[in-house]
Amino acid sequence: MAETPGGMSASAVRAAHEIRVVIGRLRRRIKESYDLEELTPSQTSALSRLSKEGPASASALAAAERVRPQSMAATLAALDERGLIQRRPDPGDGRRQLVSVSETGGAFLDDKRRAGEEWLARALESGYTEAERETILEALALLDRLSRA
């Protein structure tokens, strides 16, 4: 088994590279299938984070997204203008507001996710045999195990 100068097998290094490239390409392709609403990447990221992690202050969201508070304020203003978020006073600190996904924003995200999954299912159905889809499922089980390492 060949090793790289870092002591890792060449196959591990190659697999790491290929996984990163393929997942990035697949994410972009799935996003193309549903991103008809023209949200910027930062708007999509903030909305998705709020959906997954729940309400947050603008400053906490800026820190989590690793952007300046002013940039997050602009992102949230654009999302608010489209009705995708809502703001409420923070029960622990009345001077702050908590931002969360609105009902409209939740429906928007659900529609985007559903559209992405539908594109993916159609592509798998039309472009792959049953045996290939089973192989993909087996590989996904291994990738899921990797994600937990």
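Begin by selecting strand β2 (residues 85–90) together with strand β3 (residues 93–101), which run antiparallel and are joined by six bridges. The model in the viewer is a predicted one, and what follows should be read with that in mind. Within this pair of strands, select Arg-87 and look across to β3, where Val-99 stands opposite. Then follow the chain from β2 into β3, and you will pass through a hairpin that joins the two strands through two residues.

**Asp-90 in strand β2**

Now select Asp-90, whose place is in strand β2. Is this residue buried or exposed? Asp-90 has a relative accessible area of 10%, and because the cut-off for buried is under 20%, Asp-90 counts as buried. Display the side chain and trace its polar partners: it reaches the backbone nitrogen of Gly-92 at 2.8 Å, and a polar contact of 2.6 Å joins it to the side chain of Arg-96. If you select the surroundings while leaving out residues up to four places away in sequence, the residues that Asp-90 touches are Arg-96, Gln-97 and Leu-98.

**The whole sheet**

Widen the selection to the sheet, an open one in which three strands stand in the order β1-β3-β2 with antiparallel pairing. Which strands stand at the edges? They are β1 (56–57) and β2, and each has a single partner strand, so one side of each is left without a neighbour in the sheet. To inspect the other pairing, select β1 with β3, which pair in the antiparallel sense over two bridges; here Ser-57 stands opposite Leu-98 of β3. While the strands are on display, it may help to recall that in a regular strand the side chains alternate between the two faces of the sheet.

Next add helix α4 to the view, and you will find that α4 lies across β2 and β3, running at about 115 degrees to β2.

**Helices α3 and α4**

Keep α4 (residues 69–81) selected and add helix α3 (residues 58–65): the two helices pack at an angle of about 110 degrees, with their axes 9 Å apart. That angle makes α3 roughly perpendicular to α4. To see what makes the contact, select Ala-58, Leu-61, Ala-62 and Glu-65 on the α3 side, and Pro-69, Met-72 and Leu-76 on the α4 side. The residues of this contact divide into six nonpolar, no polar and one charged.

Glu-65, which has its place in helix α3, deserves a separate selection. With a relative accessible area of 16%, Glu-65 is buried. Its side chain makes a polar contact of 2.4 Å with the side chain of Arg-49. Not counting residues up to four places away in sequence, Glu-65 touches Ser-45, Ala-46, Arg-49 and Met-72.

**The loop between α3 and α4**

Move on to Arg-66, whose place is in the loop between α3 and α4. What is there to notice in its backbone? The phi of Arg-66 is near 60 degrees, which is a positive value in a residue other than glycine. As background, most residues other than glycine have a negative phi. In terms of accessibility, Arg-66 counts as exposed, at 79% relative accessibility.

**Tyr-128 and helix α6**

Turn now to Tyr-128, which is found in the loop between α5 (103–127) and α6. Tyr-128 counts as partly exposed, at 39% relative accessibility. Leaving out residues up to four places away in sequence, Tyr-128 touches Ala-123, Arg-133 and Ile-136. For a sense of where this loop residue lies with respect to Ala-56, set a distance between their C-alpha atoms: Tyr-128 and Ala-56 are 42 Å apart in space and 72 residues apart in sequence.

As a last stop, select Glu-138, which lies in helix α6 (residues 130–147). Glu-138 counts as exposed, at 53% relative accessibility. How many ångströms separate its C-alpha atom from that of Arg-28? The separation between the C-alpha atoms of Glu-138 and Arg-28 is 23 Å, and these two residues are 110 residues apart along the chain.

Technical notes: Residues are numbered from 1 along each chain as its sequence is written. This is a predicted model: local features need pLDDT of at least 70, side-chain atom pairs count only at pLDDT 80 or more; totals for chains, interfaces and linings use all residues. Side-chain values use heavy atoms; hydrogens and water are left out. Two strands pair if DSSP finds at least two bridges between them. Helices (H or I, at least four residues) and strands (E, at least two) are DSSP runs, numbered from the N terminus. Buried means under 20% relative accessible area, exposed over 50%, partly exposed in between (1.4 Å probe, protein chains only). A polar contact is a pair of N or O atoms within 3.5 Å; within protein, one must be able to donate a hydrogen and the other to accept it, and residues adjacent in sequence count only if both atoms are side-chain atoms. Contact means heavy atoms within 4.5 Å. Axes are lines fitted to C-alpha atoms, for helices over the stretch in contact, and angles run from 0 to 180 degrees between N-to-C directions. Angles under 35 degrees count as roughly parallel, over 145 as roughly antiparallel, 65 to 115 as roughly perpendicular and the rest as oblique. Ala, Val, Leu, Ile, Met, Phe, Trp, Tyr, Cys and Pro count as nonpolar, Asp, Glu, Lys and Arg as charged, and the others, Gly among them, as polar.
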